[in-house]
Amino acid sequence: MMAARKRAAGRPGRVVQRQAAGEGVRAQVRQRRRDGWGQKDRALFLTELAETCNVSEAARTVGRSRQAAYNLKRRDAEFSRDWDAAIEQGYGEIEAMLIRLALHGCESEEIIEDGEGAVKTRKVKRAPNPSLGLQLLKLHAAQVAARRAARGDATGPGSPEAIASVERVLAEIRRRRAAAGT
């Protein structure tokens, strides 16, 4: 196996593939597949995964199936680590979004005026329902918490520092409301 790796290392575009041979396994040097996951595909997939926490959507972005993405994750340890980091990043974004929704609400009013400044119409716009974000948080909470604990990472949206910061902001909002009499 080691000799096959050395041969493949000296020949660009070649990879080592294990192949069953009788009772054991032998190595075969073969040409790299052209339809495989290139670095650009991996990077684009991981970026989309970090933004959406949605494996199916990230796979569609690079023209692959969800199963192909999971197969690559199972085969490639580095990709698996990057995948976990992307999910953790996306999870943090979802936590932050839900905190913003809790603090600022999820409705806005759009006022359309005519040429003279008189109000023609008013529309109340609603932001996406936060229940999807809550479902995604629940889905990935245990995995993200385990990775953070394994790293000894005390930072992040669920850390004591972040919670204390949010509590300080809420206390300030309560103080301002009390001062304004609302």
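This is a short walk through the helices, strands and salt bridges of one protein chain.

The model is predicted. Start with the overall layout. The protein chain holds 7 helices and 4 strands. Follow the sequence, and these elements come in the pattern α-β-β-α-α-α-α-β-β-α-α. The protein chain has 182 residues, and 22% of them are buried. Its exposed surface comes to about 13,100 Å². Carbon and sulfur atoms supply 51% of that area. Now take the contacts between residues with a separation of 6 or more. Of these, 41% join residues 24 or more positions apart.

Next, look at helix 7. This helix covers residues 160–180, which makes 21 residues. How far apart are its end C-alpha atoms? They are 30 Å apart. At 1.5 Å a residue, helix 7 should span 30 Å, so the two values agree. Just after helix 7 comes Gly181. The phi of Gly181 is positive, near 75°.

Helix 7 also carries a salt bridge. Glu172 and Arg175 meet through their side chains, with N and O 2.5 Å apart. The two residues are 3 apart in helix 7, so about one helical turn separates them. Glu172 is partly exposed, because its relative accessibility is 28%, and that label runs from 20% to 50%.

How many salt bridges does a search of the whole structure find? The search finds 7. Another one lies in helix 3, residues 55–61. There, Glu57 pairs with Arg60, and their closest N and O atoms are 3.0 Å apart. Again the partners are 3 residues apart, so about one helical turn lies between them. Their surroundings can be compared too. Glu57 is partly exposed, with a relative accessible area of 30%. Arg60 is exposed, at 54%, because the cut-off for exposed is over 50%.

Now turn to a salt bridge that links distant parts of the chain. Asp84 and Arg147 meet at 3.7 Å, N to O. Asp84 sits in helix 5 (residues 77–104), while Arg147 sits in helix 6 (residues 131–151). The two are 63 residues apart in the chain. Is Arg147 buried or exposed? Arg147 is buried, with a relative accessible area of 18%; the cut-off for buried is under 20%. Asp84, at 22% relative accessibility, counts as partly exposed.

One more residue belongs to this picture. Salt bridges with shared partners join Lys73, Asp84 and Arg147 into one network.

Notes:
Residues numbered from 1 in each chain as written. Predicted model: local features only at pLDDT ≥ 70, side-chain atom pairs only at ≥ 80, totals over all residues. Heavy atoms only, no water. Expected span 1.5 Å × (residues − 1). Salt bridge = Lys/Arg side-chain N within 4 Å of Asp/Glu carboxyl O. Buried < 20%, exposed > 50% of the residue type's maximum accessible area, 1.4 Å probe, protein only. Contact = heavy atoms within 4.5 Å. Areas by Shrake-Rupley, 256 points an atom, 1.4 Å probe, with all protein chains shown as cover.
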